[in-house]
Amino acid sequence: MKNVMSNKVAIALYVLPSLLLVLFLIYIPIALTGYYGLMDWDGVGQMKFIGLENYKELIHDKLFWESTWHSVLLALFSVLSLVGYLIVSLVLASKIKGANVFRKIYIIPMLMSSVAIAQLWIKIFDPMNGLINSLFMMLGVEDPPLWLADPNMALYSVFVPIVWQYAGFYIIIIYAALINVPQELIEAARIDGANAFQIAYKIKVPLISGVLKVLIILAVVGSLKYFDLIYVMTGGGPGHATEVMASYMYKEAFGKFNFGYGSAVGFGLLVISMGTTWVIQKLLNTNK
């Protein structure tokens, strides 16, 4: 092994397959997306080079920026949800009775496909026979909300199943970090008279801050490129009330067969996601 590690050619041969895999699966598709954004192309016929026209149109496209704002709202909603996940994880890690049962319950949404979750919540949000509005009508509410049909409410309605879908993922990671906090520190704090809130605030949360920072980045990036559940539930409607960047890109490329402009939207999504990730990393490192 020592001879192999000192041989640069052998090291290069070992690393080469993974480098080629990353190159073909990530960097070449990114470069092709940017390249197709320079074309007037329906995805099938002859491509026509038009320079930066698609990108210039993208900058002045109000619908693109509206969908970007919706993606940003989803990212903010996802980050705020981490607070709830943290509280649940702290409770589960405090060795309460039935904690194992609750952990399994939170994992259930992770086992379901996005399409199944979307269909389930469409039934729950049904204005006439849905679970929520049925409860409202039992309580005497004559005009319960039209959750997915009201343009002012549809966007926030689809946020709910998204948060529900990923709750188990975040809770498991935070819980795994919490149970690795040294018990000696917790016991010492208890002997000094610290209560459960002080132990959580001053010991547990600071010690898992690295994990929380990673989860913030995952929540933001995942939200900016989110697509499937929203598209199944509303298709970006009513109007464009629930349009996000990924669904807008899909409609332009595969709905209108405007593949060149759709590629420009996809490249814009990539740039915004990378820029947002960079800003978040800088902010988190600044507050370190």
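So, to start: leaving aside its neighbours within four places in sequence, which residues is Ile-174 in contact with? Keep that in mind while I say that what we're looking at is a predicted model.

Okay, here's the list. Ile-174 is in contact with Tyr-85, Leu-86, Ser-89, Ile-208, Leu-212 and Leu-215, once you set aside anything within four places in sequence. Some of those names come back when we turn to the largest nonpolar core. That core has 25 residues, and the ones that touch the most other members are Leu-82, Tyr-85, Leu-86, Tyr-170, Ile-174, Leu-178 and Ile-208. Helices α4, α8, α9, α10 and α11, the last being 209-224, each put in at least two residues. The largest share comes from α8, with 8 residues. There's also another core lying apart from this one, made of 18 residues, among them Ala-118, Leu-155, Ile-230 and Met-233.

Now for the pocket. The largest one has a volume of about 440 Å³. It's lined by 21 residues, and closest to the centre you'll find Leu-90, Ala-93, Ser-94, Arg-190 and Lys-204. Which helix gives the most to that lining? That's α10, with 7 residues. If you want to find the walls on screen, look at α4 (62-93), α8 (154-178), α9 (183-191) and α10 (196-207), each of which supplies at least two lining residues. By class, the lining breaks down into 16 nonpolar, 2 polar and 3 charged residues.

Let's stay on α4 for a moment and pick out Leu-73, which sits in that helix. Is Leu-73 buried or exposed? Its relative accessible area is 16%, and the cut-off for buried is under 20%, so Leu-73 counts as buried. Skipping residues up to four places away in sequence, Leu-73 touches Leu-155, Tyr-156 and Phe-159. Take Tyr-156: it's 83 residues from Leu-73 along the chain, yet their C-alpha atoms are separated by 9.1 Å.

Last bit, the annotations. The unreviewed UniProt entry marks "transmembrane region" at 12-38, 72-93, 105-122, 153-178, 207-227 and 259-280. In the model, 72-93 is 100% helix, with its end C-alpha atoms 31 Å apart. For 105-122, the chain is 67% helix and 0% strand, and the ends are 21 Å apart, again by C-alpha. UniProt, in an unreviewed entry, also lists "domain: ABC transmembrane type-1" for residues 68-280. That span is 73% helix and 0% strand, and its end C-alpha atoms lie 17 Å apart.

Notes
Residues numbered from 1 in each chain as written. Predicted model: local features only at pLDDT ≥ 70, side-chain atom pairs only at ≥ 80, totals over all residues. Heavy atoms only, no water. 1 Å grid on protein atoms, 1.4 Å probe; cavity = no way out; pocket = protein on both sides within 12 Å on 5 of 7 lines; lining within 4 Å. Points joined across faces, edges and corners; volume = space filled by probe spheres on them. Helix = DSSP H or I, 4+ residues; strand = E, 2+ residues; numbered from the N terminus. Nonpolar A, V, L, I, M, F, W, Y, C, P; charged D, E, K, R; others polar. Core = buried A, V, L, I, M, F, W, Y, C linked by side-chain atoms within 4.5 Å. Buried < 20%, exposed > 50% of the residue type's maximum accessible area, 1.4 Å probe, protein only. Contact = heavy atoms within 4.5 Å. UniProt positions renumbered as here; feature names shortened; annotations may be inferred.
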